[in-house]
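Work through the exercises below with the sequence and the model at hand. Each task is followed by a solution in steps.

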Amino acid sequence: MSATAVHSLWTTAADPIDKIDAPTIEYGQLSPVLIVIGAAVIGVLIEAFVPRKSRYYAQLFLSVVSLAAAFAAVIGLAARGFGTTKAQIAAMGAIAVDGPALFLQGTILLTGIVAIFTFAERRLDPVAHGNRVDSFVAQAGSVPGSEGEQAATKAGFATTEVFPLALFAIGGMLVFPAANDLLTLFIALEVFSLPLYLLCALARRKRLMSQEAAVKYFLLGAFASAFTLFGIALLYGYAGSVSYATVADVVEGNVKTVDPALADTMGNDALLLIGVAMVVMGLLFKVGAVPFHMWTPDVYQGAPTPVTGFMAAATKVAAFGALLRLLYVVLPGLRWDWRPVMWGVAVITMLGGAIIAITQTDIKRLLAYSSVAHAGFILAGVIATTPDGISSVLFYLGAYSFVTIGAFAVVTLVRDAGGEATHLSKWAGLGRRSPLVAAVFAVFLLAFAGIPLTSGFAGKFAVFKAAAEGGAGPLVVVGVLSSAIAAFFYIRVIVLMFFSEPKADGPTVAVPSPLTMTAIGMGVAVTLVLGVAPQYFLDLANQAGVFVR
């Protein structure tokens, strides 16, 4: 064949290709995510170029300003109607901008700001070598107890990388509940999980325990991610698309044309059921539902306490948002299949979390099992499959996240020679030593227990009411029983603090900087406001409770 003939083959083959259209991206509607991710990238550059002495202040300023700006962007979008009348799918079908997405993004950003305040706390530990120190290791790369670590501590180093890591995690969490196709969901899952694995390993005290927690979280998280990804592959085989809308159409049998290449597998129910089970399993791992909760107590106990508070609050908000969107937007046609399974998961999660928490002797592990029980309560709202179900879950997540960060912020204040005094026996008589701190912690515990006039009561009432109206009455009975069991161990801690004699060698309560005071103050304020006058926020959650299809 001559060279000219070959050349003519090339040109004729190249002719029919149309030009590739540039994607249309609605930058304004994605601004909250873009601001946070942009700030995280700038934070990495600060680590590279700013002198070590100035990094802490630069990172703290950048983190708080960017999260506040992103929150303002969320408010702006909601005010322009993107949460209600103008709700739409942005970024070529990848991200939904609607009420639930904006409500959850606002909650994540506010919790993020409060968490950053606890990250930045530097007055709780005694001054080391003339430098104030925070909860994080001086040099993450050094072996625990080695000369390198001692030299880094002596030189006053600080791991200021925690701020950009937290921003990357928050950026992923903002995308997670708004993801409108399965690939975006998976990428967001990885973007917020990987920084959390790292943050868990950075405790200044008890470093080996912290690193063990991080390894456990990483290995179990990697398994959960693998299941999620395999489930996504099966769902793609079932529907021929990763888009939520297309999968929902195939589930409901509304597809007119079928791609011949997919004709054999499309609509195969085995692929659908196994795929859904695997994706939902990955999400239940993130919310800490039984039986996927095994990482929760170890990781909560081993991670630095500010990270535990951030993770316990923000991850739950993001993961429940994604679970709601998956079940309500993609799988309403499969309701009779997933509801019985979710019933079972909710029942064992509520009872399992509440019963095992009674046996705990460490305050962080107790709060970990308490968070497992709360995952079960929130699942009761998810199972309702009514508009009230969505709004009650949104309200509960907003209320729960502030109580959680506040409670873990209080845990950082109670200290002895070895750092935080987390063993329950050390908390005996705390109410006599430091009445204010004990009273604040008691408020948070009463909110967890769902006592009236706290946000916990309003949240539980909304969720159980939605579940009862959605036909899940027996579930509400189990929920109330679990709440009664849970109330026992919360009240036990309050009795221990106020009605026990303080020990002579008991812990002291450190005086925090205004940063931690603000975090705890916001927690108390939200707990009381949502408990005494919840109606405005319930209405807000109600307006935000409609998914865009």
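**Exercise 1.** Classify Gln29 in this predicted model: is Gln29 buried or exposed?

Solution.
- Step 1. The relative accessible area of Gln29 is 14%.
- Step 2. Buried means under 20%.
- Step 3. Gln29 is therefore buried.

**Exercise 2.** Find where Gln29 lies and what its side chain makes a polar contact with.

Solution.
- Step 1. The loop between α1 (3-14) and α2 (31-49) holds Gln29.
- Step 2. Leaving out residues up to four places away in sequence, Gln29 touches Leu77, Phe82, Gln88, Ala90 and Val97.
- Step 3. With Gln88 there is a polar contact, side chain to side chain, at 3.4 Å.

**Exercise 3.** Describe the largest pocket and its lining.

Solution.
- Step 1. The volume is about 670 Å³.
- Step 2. The lining has 24 residues, and Phe71, Phe103, Thr107, Phe537 and Leu540 are the closest to the centre.
- Step 3. Two or more lining residues come from each of α3 (52-79), α4 (99-119), α15 (387-411), α20 (514-532) and α21 (535-543).
- Step 4. The largest share, six residues, belongs to α4.
- Step 5. By class, the lining has 17 nonpolar, seven polar and no charged residues.

**Exercise 4.** Do likewise for the second largest pocket.

Solution.
- Step 1. This pocket encloses about 430 Å³ of space.
- Step 2. Of its 21 lining residues, Lys53, Tyr56, Tyr57, Arg122 and Arg132 are the closest to the centre.
- Step 3. Here α3 gives the largest share, five residues.
- Step 4. By class, this lining has eight nonpolar, four polar and nine charged residues.

Notes:
Residues are numbered from 1 along each chain as its sequence is written. This is a predicted model: local features need pLDDT of at least 70, side-chain atom pairs count only at pLDDT 80 or more; totals for chains, interfaces and linings use all residues. Side-chain values use heavy atoms; hydrogens and water are left out. On a 1 Å grid over the protein atoms alone, a cavity is a set of points where a 1.4 Å probe fits but cannot get out, and a pocket is an open set with protein on both sides within 12 Å along at least five of seven lines; lining residues have an atom within 4 Å of a point. Grid points are joined across faces, edges and corners, and a volume is the space filled by probe spheres set on the points. Helices (H or I, at least four residues) and strands (E, at least two) are DSSP runs, numbered from the N terminus. Ala, Val, Leu, Ile, Met, Phe, Trp, Tyr, Cys and Pro count as nonpolar, Asp, Glu, Lys and Arg as charged, and the others, Gly among them, as polar. Buried means under 20% relative accessible area, exposed over 50%, partly exposed in between (1.4 Å probe, protein chains only). A polar contact is a pair of N or O atoms within 3.5 Å; within protein, one must be able to donate a hydrogen and the other to accept it, and residues adjacent in sequence count only if both atoms are side-chain atoms. Contact means heavy atoms within 4.5 Å.
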